[in-house]
Each structure stands twice: as structure tokens, then as C-alpha cells.
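Biologist: Please put the model on the screen. I have a list of questions to go through with you.

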Amino acid sequence: MSKSEKQKMIEGENYYSSDPELVADRLRAIDLCFQFNHTLPSQQQARKELLEALLPNVDKQAEITGPFFCDYGYNIKIGQRFYANTDLTILDIAPVTIGDDVMFAPHVQLYTAAHPTHPERRISGIEFGKPITIGNKVWIGGGVIVCPGVTIGDGSVIGAGSVVTKDIPPRVVAAGNPCRVLRSVDED
Ligand SMILES: CC(=O)SCCNC(=O)CCNC(=O)[C@H](O)C(C)(C)COP(=O)(O)OP(=O)(O)OC[C@H]1O[C@@H](n2cnc3c(N)ncnc32)[C@H](O)[C@@H]1OP(=O)(O)O
């Protein structure tokens, strides 16, 4: 049996996002994001239920300030004691895996989504994703963009405004565009 466009998307193969199953999944997710983003901060139970419906693979105690945006929701896994400050965007075409005790500052953007750089192939509508993995005890500073395929090691810190284009090892402070290792966290 041939793979569905959804299977191809999750497995990082070329796929078409115009596939009806994916269009329906995205509509469901962005409706839930919209509803979540239009609750009052004090509507704690409603916010919790909306996040649980949107993010079935995220620890139920995760704290996401909002506004929050994602494409599908079911491709995002987050461990215990997660906190995200305002305006988190996760384009979860491919799996996004976040460990325990992770903290995001405002305006963090995780992009698994990619399009061909070749213009004629790009306008054909074909696209693909690459997974993003963030280890345990990571702190990501304000305005950071994490590009497709990147892994950030356990215990690392990413400085504000960084664009992370390549893997970052465990237990380092890294910053800049492109993001480079500055020092070990153990020098603190
Ligand atoms: C939930 C929440 O998190 S809300 C809080 C939001 N706060 C933030 O997002 C702040 C994030 N913090 C940072 O970006 C900090 O600069 C850190 C943690 C990355 C680095 O802090 P420190 O280890 O104290 O580094 P320090 O200030 O000594 O700078 C060391 C060098 O790195 C450079 N540097 C530090 N941060 C950055 C950065 N974000 N981008 C580029 N370069 C940087 C400095 O300019 C300095 O360069 P130099 O050696 O040429 O002078």
C-alpha cells in the first residue's frame, strides 16, 4: 500500500500539503490555536482543555502563555515542567521533541518546515520537513529561530535573537546568527 501524504510528511519525505487529510488536520489545529488565543488568562480550565485537545503528546502541566501557533499539534512532544513565554510558534510538519525542564523566552520559533530552494520545484507545491529535538534542561532566549533538522543538547542555553542552523552540543552557551558556541555552562 502506498504511503499517505501525512505519513510522508511525518517521515520527512517529499509531500503535498494540499492533501485533503492534511488540510483538515491543519484547520482543526488552527481553530484550536485561535480558541486558545482568545481565552482570558483567568479561564484556566478552558485553556487547559484546549491545549490538551491540540497537543495530545505534551505533558498536561505544560505552561504555554500564548498567543501560540502550530500547524498540526500531534507532532509535538514535550516533557515535564515546560514553560513558554508569549508568542511561541512551532511549525510541526516533522516531529518536534522537547525534553524535561525546558524554558522558552518570548517569541521563540521552531521551524521543521522546508521548501525546495530550486524555484520550479518549489512552485510545484512539493515540500518536506526535518525534525527538531531539544534536550532536557535547555533555556532558549527571546526571539530565537530554530531551523529544520536541528538538535540542541541537554543543559544548553541559546542566546536571545539567535538563528540556530546547526546542532548545538550539550551544556554550552551558544548565540548569534548563525548560532555558535560561546562557552561551557560549567564555566558559570
Ligand atoms: C522565560 C524567559 O526565558 S524570559 C527571559 C528572556 N531573556 C532572554 O531571552 C535573555 C537571554 N540571555 C542571553 O541572550 C544572554 O546574553 C546569554 C545567557 C546568552 C549569555 O549571557 P553571558 O554568559 O552572561 O554572556 P556575556 O554577556 O558575558 O557575553 C559573552 C559574549 O557573548 C556575546 N553574546 C551574549 N549574548 C549574545 C546573544 N544573545 N547574541 C549574540 N552574542 C551574544 C556578548 O556580546 C559577549 O561577546 P564578547 O565576548 O565579544 O564581548
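**A tour of the chain**

Biologist: Does D25 count as buried or exposed?
Modeller: Buried means under 20% relative accessible area, exposed means over 50%, and partly exposed lies in between (1.4 Å probe, protein chains only). D25 has a relative accessibility of 16%. That is why D25 counts as buried.

Biologist: What kind of model is this?
Modeller: Residues are numbered from 1 along each chain as its sequence is written, and side-chain values use heavy atoms, with hydrogens and water left out. Local features need pLDDT of at least 70, side-chain atom pairs count only at pLDDT 80 or more, totals for chains, interfaces and linings use all residues, and the model itself is predicted.

Biologist: Which helix holds D25?
Modeller: Helices are DSSP runs of H or I with at least four residues, strands are runs of E with at least two, and both are numbered from the N terminus. D25 sits in residues 20-37. That run is helix α2.

Biologist: Which residues does D25 touch, not counting residues up to four places away in sequence?
Modeller: Contact means heavy atoms within 4.5 Å. With the sequence neighbours left out, D25 touches K6, D71, Y72 and Y74.

Biologist: How many helices and strands are in the chain?
Modeller: The DSSP runs give the count. The chain has 4 helices and 19 strands.

Biologist: What is the radius of gyration of the chain?
Modeller: The radius is taken over C-alpha atoms, and the globule rule is 2.2 Å times the number of residues to the power 0.38. For 188 residues that rule gives 16 Å. The chain comes close to it, so it is as compact as a globular protein of that length, with a radius of gyration of 17 Å.

Biologist: What share of the residues in the chain is buried?
Modeller: The chain has 188 residues. Among them, the buried share is 41%.

Biologist: How many bridges pair strand β3 with strand β6?
Modeller: Two strands pair if DSSP finds at least two bridges between them. Strand β3 covers residues 68-70 and strand β6 covers residues 88-91. One bridge sets F68 against L88 in β6. The pairing is parallel, and its bridges number 3.

Biologist: Which residue of β9 stands opposite L91?
Modeller: Strand β9 covers residues 109-111. It pairs with β6 in the parallel sense over 3 bridges. Opposite L91 in β9 stands Y111.

Biologist: Which are the edge strands of the open sheet?
Modeller: The sheet has 3 antiparallel strands in the order β1-β11-β10. Strands β10 and β11 (residues 126-129) are joined by 2 bridges, and A114 stands opposite F128 in β11. An edge strand here pairs on one side only: these are β1 (15-16) and β10 (113-114).

Biologist: How far apart are the C-alpha atoms of V150 and I132?
Modeller: V150 lies in the loop between β14 (145-146) and β15 (151-152). V150 counts as buried because its relative accessibility is 1%. Its contacts beyond four places in sequence include P131, I132 and V164. V150 and I132 are 18 residues apart along the chain, yet their C-alpha atoms are separated by 5.1 Å.

Biologist: What separates the C-alpha atoms of I78 and G99?
Modeller: I78 lies in strand β4 (residues 76-78). I78 is buried because its relative accessible area is 6%. Leaving aside neighbours within four places in sequence, I78 is in contact with N57, V58, D59, I98 and G99. Along the chain I78 and G99 are 21 residues apart, and their C-alpha separation is 5.9 Å.

Biologist: Which residue does a cis peptide bond join to G66?
Modeller: Omega of this bond is about 0°. The partner is found in the loop between β2 (63-64) and β3. The residue joined to G66 is P67.

Biologist: Where is P178?
Modeller: The peptide bond from N177 to P178 is cis, with omega near 0°. The place of P178 is the loop between β18 (172-175) and β19 (180-184).

Biologist: What is the phi of D87?
Modeller: D87 lies in the loop between β5 (83-84) and β6. D87 is partly exposed because its relative accessible area is 30%. D87 is not a glycine, yet its phi is positive, at about 65°.
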